[in-house]
Amino acid sequence: MTAPASAPAWLLQPEVGLCPCGCIGKRRKGSFVAKTLEGASGVLRQAMFSDDIAAAKGLLQRFDPRVKLVTMVGLLVAVALVHSLPLLAGAYAATVALAVASGLSLGFFIKRVWLFIPIFTGIVVLPATLSIVTPGDVLLPLWHWHGHTHGVTEQGLHGAGIIVARVATSISLVVLLTLTTPWVRLLAALRALGVPKIFVLIIGMAYRYLFLLLDAVDDMYTARKARTLVGDTGKRQVAEGRRFVAAGAGTLFGKAHQLSEEVHQAMTARGYTGNARTLTGFRLRPADAVWSVAVVALAVALLVADHRVGR
């Protein structure tokens, strides 16, 4: 018997090169539309992964959503009032420990927190480290002006570190809350705590139908790609891509507007009043009381320690 024929390697490659090492030939750049859709698909995968985390049996998943929401808000207020960098670093380490205890991957949690906002905050507060903004002891001389040395000061670095650590800790708390709580139960907890109905309705529909609109964009791009000749390259392809993006944005806006009206009418016809409801009701347990006492004790300890350090 002869061995079954297999597909050649060049047929399995998405982009054919003239040389195996890639040093010869010109490779086509990926379409920005395709990259955008890949990013949208990544959002969908992260959302489904978040649902799996919320359904896992971790530490924070065991508590009542209302208790988690109130305690996390309390911790956010306490972190916002702390001015000690070591205490903020300790609070961030505590959030990392909570993430591990809740079944979150350490690498995933750190990337989720530090991917954009803390890094962007560090860039924003970078000028505050200079002596012309925050006078003090110059640690890194950069230039001289009228006989004075200017550069990065110790006081500026300390202030910038406090801001970045505070932002990172706050985002970590929010990420922990959203990843360990199913979205529907989080909305129901917001409504149970007195958040206005219109606010809960807007964020609930925005979260739910964002994925539906992403699927619509994917379908439009797939249909266009199936009707596009592969040989169209250069400026013509770029111009066509821009026209497609503009037309697709207008079509998506009209579809979203029509969909919002139809969905709201259907929900109202079925008795929806703006309250988020879940299959299982909320019930306070002894573990919730223990968690609440622990969070209050931690917040008070942070504030007292920060007051003593500030003296």
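How many residues does H4 have, and what distance does H4 reach from its first C-alpha to its last? The tour returns to this helix after an overview of the chain. The model is predicted.

**The whole chain**

Display the protein chain as a cartoon, coloured from the N terminus. The chain has 11 helices and 2 strands, and the elements run α-α-α-α-α-α-β-β-α-α-α-α-α in that direction. Of its 311 residues, 30% count as buried. Among contacts with a separation of 6 or more, 71% are between residues 24 or more positions apart. With a surface representation switched on, about 20300 Å² is exposed, and carbon and sulfur atoms supply 67% of that area.

**Helix H4**

Select residues 85-101, which form helix H4. H4 has 17 residues and reaches 24 Å from its first C-alpha to its last, close to the 24 Å expected at 1.5 Å a residue. Next, show the side chains of Leu87, Leu88, Ala91, Tyr92, Thr95, Val96, Leu98 and Ala99, the buried residues of H4. An α-helix has 3.6 residues a turn, so residues three or four places apart point the same way. To see what surrounds the buried residues of H4, display H3, H5, H7 and H11, against which they pack. Then move past the end of the helix to Gly103, which follows H4 and has a positive phi, near 90 degrees.

**The largest nonpolar core**

Select Met72, Leu104, Phe109, Leu176 and Trp291 together. These residues have the most contacts inside the largest nonpolar core, a set of 38 residues. The elements that give two or more residues to this core are H3 (65-81), H4 (85-101), H5 (106-114), H7 (154-179), H8 (183-192) and H11 (286-309). H7 gives the most, with 9 residues.

Centre the view on Met72. Beyond its neighbours within four places in sequence, Met72 is in contact with Leu60, Leu173, Leu176, Leu177 and Trp291. Apart from the largest core lies another, of 6 residues; select Leu201, Met205, Leu259 and Val263, which are among them.

**The salt bridge**

Which side chains meet in a salt bridge? Select Asp64 and Arg66: their side chains meet at 3.0 Å, N to O. The count for the model comes to 1 salt bridge. Side chains of opposite charge can pair when their charged atoms come close. Asp64 is buried, with a relative accessible area of 4%, whereas Arg66 counts as partly exposed at 24%.

**Thr129 and Thr153**

Move to Thr129, in the loop between helix H6 (117-124) and strand E1 (138-145). Is this residue buried or exposed? Thr129 is buried, because its relative accessible area of 5% falls under the 20% cut-off. Its side chain reaches the backbone oxygen of Leu126 at 2.5 Å. Outside its neighbours within four places in sequence, Thr129 is in contact with Gly151, Val152, Thr153, Gly156, Leu157 and Ala160.

From that list, select Thr153, which lies in strand E2 (residues 148-153). Thr153 is buried, with a relative accessible area of 0%. Show the residues that Thr153 touches, leaving out those up to four places away in sequence: Thr129, Leu130, Ser131, Thr134, Pro135, Gly136, Asp137, Val138 and Leu139. Of these, Val138 and Leu139 fall within strand E1 (138-145). The tour ends with Thr129 and Thr153 in view, two residues in contact with each other.

Technical notes
Residues numbered from 1 in each chain as written. Predicted model: local features only at pLDDT ≥ 70, side-chain atom pairs only at ≥ 80, totals over all residues. Heavy atoms only, no water. Helix = DSSP H or I, 4+ residues; strand = E, 2+ residues; numbered from the N terminus. Buried < 20%, exposed > 50% of the residue type's maximum accessible area, 1.4 Å probe, protein only. Polar contact = N/O pair within 3.5 Å; in protein donor to acceptor, adjacent residues only side chain to side chain. Contact = heavy atoms within 4.5 Å. Salt bridge = Lys/Arg side-chain N within 4 Å of Asp/Glu carboxyl O. Core = buried A, V, L, I, M, F, W, Y, C linked by side-chain atoms within 4.5 Å. Areas by Shrake-Rupley, 256 points an atom, 1.4 Å probe, with all protein chains shown as cover. Expected span 1.5 Å × (residues − 1).
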